[in-house]
Amino acid sequence: MRKLRYTFKSDILFKMVFVKYPHLLKELVAVILGITVENITAFEILNSEITPESIEDKFCRLDINMRVNGKLVDIEMQVTNEGNYPERVMFYWAREFSSALVSGADYSLLPATIIISIMNFNLFGCEEYHSFFQPREATRHTLLSDKMGFHFFELPKLPELPENANESSILLLWLSLFNANTEEELEKLNQMEVSVMSEAINAYYSVANSSEYREIEKLRDKARHDEAQALRSAEQRGVQEGIKQGVKQGVTDVALKLLKRNRPIDEIMEDTGLTYSEIEELRSTIHFS
């Protein structure tokens, strides 16, 4: 099988494709929100840029923040689970929701804020690949507010795509596209003859083969290499420092034992290499019975 060099699991590629082809992003968001594209009357990408900081910083989010029919919608491809992911998502929701209120405006004007996470890892102990959360009362399940919503899509849980998949399975088609690792998988999606999938695949190839994307990926690879090198150097320094500390502690322990045996200081200096003042400082820590 011919493995893809780059996939939609690259957060950079994911963002570049949908920023360059916003009509495809609108199609995707409509499917996730359960509305038709025709019903999206207002659509705006709020953070189309990819900054140098976002390329070099592994903790920086390469999300796509949108305003859709007055709602704030944020979508992100997340490759690895770095821990506390639900809390992280709730933090981003709180920041987006609270910052949307104009000074002096009524709280009722706060927009519905939806976070969409497409994840290349399993997060929940269920079989379903799609989970949607909203705040509800614990026993009556009464909805507290429809202004908070979290969509989670776990790619490893996707079922095998049926041979007769069509537009009625459009959400599964989109997620299968994001999960594709080989050219054969893309060709299979293309053969479904679903027009939006063909457009998305063409957009993928256009971005993945562009010099702009490859240059950004080079910068990302260099940042990862530099980070790994810095980590290795720090580990080596830590090991060396640990050895030094261990040797020093061993010498100190020997000196203390010799002091407790009332050995002469000049003899202890010769055996341990410690100075007179260092040995005297050790002596002050001993409580002789």
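These are my notebook entries on what I looked up in this predicted model.

**Entry 1: the chain as a whole**

I began with the secondary structure and counted ten helices and six strands in the protein chain. Of its 289 residues, 38% count as buried, and the accessible surface comes to about 16900 Å², of which carbon and sulfur atoms supply 51%. I then turned to the contacts with a separation of 6 or more, and found that residues 24 or more positions apart account for 63% of them.

**Entry 2: the nonpolar cores**

Next I looked up how the buried nonpolar residues are grouped. The largest nonpolar core has 54 residues, and the members that touch the most others are Phe-18, Ile-75, Trp-174, Leu-177 and Phe-178. Apart from this core lies another one, of ten residues, including Tyr-85, Ile-115, Phe-121 and Phe-152. As background I note that in soluble globular proteins nonpolar side chains tend to be buried together.

I took Leu-177 for a closer look and asked which residues it touches, not counting residues up to four places away in sequence. The list I obtained is Phe-8, Leu-186, Leu-189, Met-197, Ala-200 and Ile-201. Of these, Met-197, Ala-200 and Ile-201 are buried residues of α7.

**Entry 3: aromatic rings**

A search of the whole structure gave me 19 aromatic pairs. One of the pairs is Trp-174 with Phe-178, a tilted arrangement with 6.0 Å centre to centre and 35° between the planes. Both residues sit in helix α5 (residues 170-179), and because they are four residues apart there, about one helical turn separates them. I checked their accessibility as well, and both Trp-174 and Phe-178 are buried. They also belong to one aromatic cluster, whose other members are Phe-8, Phe-14, Phe-18, Tyr-204 and Tyr-205.

**Entry 4: helix α7 and the loop before it**

For α7 I compared the span with the expected value: the helix has 14 residues and reaches 20 Å from its first C-alpha to its last, close to the 20 Å expected at 1.5 Å a residue. Its buried residues are Val-196, Met-197, Ser-198, Ala-200, Ile-201, Ala-203, Tyr-204, Val-207 and Ala-208.

In the loop between α6 (183-190) and α7 (195-208) I found Glu-193. Is Glu-193 buried or exposed? Its relative accessibility is 71%, so Glu-193 counts as exposed. I also looked up its distance to Glu-167, which is 26 residues away in sequence, and the C-alpha to C-alpha value is 9.2 Å.

**Entry 5: Tyr-6 and Asp-11**

Tyr-6 is in the segment before α1, and with a relative accessible area of 13% it falls under the 20% cut-off and is therefore buried. Leaving aside neighbours within four places in sequence, I listed its contacts as Leu-13, Tyr-204, Ala-208, Tyr-213, Arg-214 and Glu-217. Two of these partners, Tyr-204 and Ala-208, are among the buried residues of α7. Glu-217 is 211 residues from Tyr-6 in sequence, yet the two C-alpha atoms are 9.5 Å apart in space.

Asp-11 lies in helix α1 (residues 11-20). I paused at this acidic residue, which has a relative accessible area of 15% and so counts as buried. Not counting residues up to four places away in sequence, Asp-11 touches Leu-62, Met-77 and Arg-220.

**Entry 6: helix α9 and its partner in α8**

In helix α9 (residues 265-272) the buried residues are Ile-265, Ile-268 and Thr-272. Why do they lie on the same side of α9? They cover an arc of only 55° around the axis, and this puts them there together. On the other side of α9 I found Asp-266 and Glu-270, both exposed. After the helix comes Gly-273, and its phi is positive, near 80°.

My last query was Val-251, a residue of helix α8 (residues 211-260). Its relative accessibility of 24% means that Val-251 counts as partly exposed. Leaving aside neighbours within four places in sequence, Val-251 is in contact with Thr-272 and Leu-274. Thr-272, already noted as one of the buried residues of α9, is 21 residues from Val-251 in sequence and 6.0 Å from it in space, C-alpha to C-alpha.

Technical notes: Residues are numbered from 1 along each chain as its sequence is written. This is a predicted model: local features need pLDDT of at least 70, side-chain atom pairs count only at pLDDT 80 or more; totals for chains, interfaces and linings use all residues. Side-chain values use heavy atoms; hydrogens and water are left out. Buried means under 20% relative accessible area, exposed over 50%, partly exposed in between (1.4 Å probe, protein chains only). Helices (H or I, at least four residues) and strands (E, at least two) are DSSP runs, numbered from the N terminus. The arc is that of the directions from the helix axis to the C-beta atoms. Contact means heavy atoms within 4.5 Å. Accessible areas come from the Shrake-Rupley method with a 1.4 Å probe; for residues, only the protein chains shown count as cover. Rings of Phe, Tyr and Trp (its six-membered ring) pair if their centres lie within 6.5 Å; planes under 30 degrees apart count as stacked, over 60 as edge-to-face and the rest as tilted. A nonpolar core is a set of buried Ala, Val, Leu, Ile, Met, Phe, Trp, Tyr and Cys residues joined through side-chain atoms within 4.5 Å. The expected span of a helix is 1.5 Å times one less than its number of residues.
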